[in-house]
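User: Please work through this structure with me as a series of questions and answers. I should like each answer to set out its reasoning before it closes on the value or name requested.

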Amino acid sequence: MKLRDAPPLETLCWLNSRSDITLEQLRGKVVMIEAFQMLCPGCVSHGLPQAMRVAETFSPEDVVVLGLHTVFEHHEAQGTRAALEAFLHEYRVKFPVGIDQPSGNGGAPKTMTAYRMQGTPTQILIDRQGKLRKQHFGAEDDLALGAQIMSLLREGDLEAALAAGKTNTQGANCDEDGCRLES
């Protein structure tokens, strides 16, 4: 399977961040994006709480969690920055959240369209090289998500070890015959 670069995030602005965020700035880290709408029951009950758990569990040096408020319905009720700021405060969402750029034609917002999302919640995983590795619509099991994130983190560890000429990262003594435990 050929991996493709993750499309850029086309946002109006970022909340919970001192500056705008681009995926290029985050190269070298695994990125999880939780696309949501504040009036989406699945987003409020599952997607956002799970993203908050990921942000609390993994080191921000390794994994960056971003929210993407991508409104494609009920624009008048949830389409303002003030409404989103109140929502994020009320639900104690601390990770950065970008407001997806409206399409201008009443259709799906720009980032939502670029990623071909089916709706919300949508969870996206981007590897350390900026490649789109996973996109999932709906609820995801915590254990499965944690394993997927760890797999992406370990890929980076393995690549670094191979580049440094090491055949393993566990401290064993390995050659073509196998790996012996060092005493």
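User: In which loop is the place of Pro60?
Analyst: The model under discussion is a predicted one. Pro60 belongs to neither a helix nor a strand here, since its place is in the loop between helix 1 and strand 3.

User: Is Pro60 buried or exposed?
Analyst: A residue counts as exposed when its relative accessible area is over 50%. Pro60 has a relative accessible area of 53%, and therefore Pro60 is exposed.

User: What distance separates the C-alpha atoms of Pro60 and Val30?
Analyst: Along the chain, Pro60 and Val30 are 30 residues apart. In space, their C-alpha atoms are separated by 9.4 Å.

User: Which residue of strand 3 is the bridge partner of Val30?
Analyst: Strand 2, residues 30–36, runs parallel to strand 3, and 7 bridges join them. These two strands also make a right-handed β-α-β unit with helix 1, residues 41–57. Within strand 3, the bridge partner of Val30 is Val63.

User: Which residue of strand 4 is the bridge partner of Gly67?
Analyst: Strand 3 also pairs with strand 4, residues 97–100, in the parallel sense over 3 bridges. In strand 4, the partner of Gly67 is Val97.

User: How many residues of strand 3 are buried?
Analyst: Both faces of the strand are covered. On one side Val63, Val65, Gly67 and His69 are buried, and on the other Val64, Leu66 and Leu68 are buried. Strand 3 is therefore largely enclosed by the rest of the structure, the count of buried residues being 7 of the 7.

User: With which residue does the side chain of Thr70 make a polar contact of 2.8 Å?
Analyst: Thr70 lies in the loop between strand 3 and helix 2, and with a relative accessible area of 0% it is buried. Leaving aside neighbours within four places in sequence, the residues in contact with Thr70 include Ala35, Phe36, Pro109 and Asp100. The side chain that joins Thr70 in the polar contact of 2.8 Å is that of Asp100.

User: How many residues apart are Lys131 and Asp5, whose side chains meet in a salt bridge?
Analyst: The structure holds 6 salt bridges, and in one of them the side chains of Lys131 and Asp5 meet at 2.7 Å, N to O. Lys131 is in the loop between strand 5 and strand 6, whereas Asp5 is in the segment before strand 1. Lys131 is partly exposed at 25% relative accessibility, and Asp5 is partly exposed at 45%. The pair links distant parts of the chain, its members being apart by 126 residues.

User: Which helices hold Asp142 and Arg53?
Analyst: Asp142 forms a salt bridge with Arg53, with the closest N and O atoms 3.0 Å apart. The pair ties together parts that are 89 residues apart in sequence, because Asp142 and Arg53 lie respectively in helix 5 and helix 1.

User: What relative accessible area does Arg53 have?
Analyst: Its salt-bridge partner Asp142 counts as partly exposed at 36% relative accessibility. Arg53 is likewise partly exposed, with a relative accessible area of 36%.

User: Are Glu140 and Lys134 buried or exposed?
Analyst: Glu140 and Lys134 form a salt bridge whose closest N and O atoms are 2.7 Å apart. The term buried applies under 20% relative accessible area, and both Glu140 and Lys134 are buried.

User: Which residues are joined into one network by salt bridges that share partners?
Analyst: The network arises from salt bridges with shared partners. Its members are Asp127, Arg133 and Glu155.

Notes:
Residues numbered from 1 in each chain as written. Predicted model: local features only at pLDDT ≥ 70, side-chain atom pairs only at ≥ 80, totals over all residues. Heavy atoms only, no water. Buried < 20%, exposed > 50% of the residue type's maximum accessible area, 1.4 Å probe, protein only. Helix = DSSP H or I, 4+ residues; strand = E, 2+ residues; numbered from the N terminus. Pairing = 2+ DSSP bridges. Right-handed = clockwise from strand over helix to strand, strands pointing away. Salt bridge = Lys/Arg side-chain N within 4 Å of Asp/Glu carboxyl O. Polar contact = N/O pair within 3.5 Å; in protein donor to acceptor, adjacent residues only side chain to side chain. Contact = heavy atoms within 4.5 Å.
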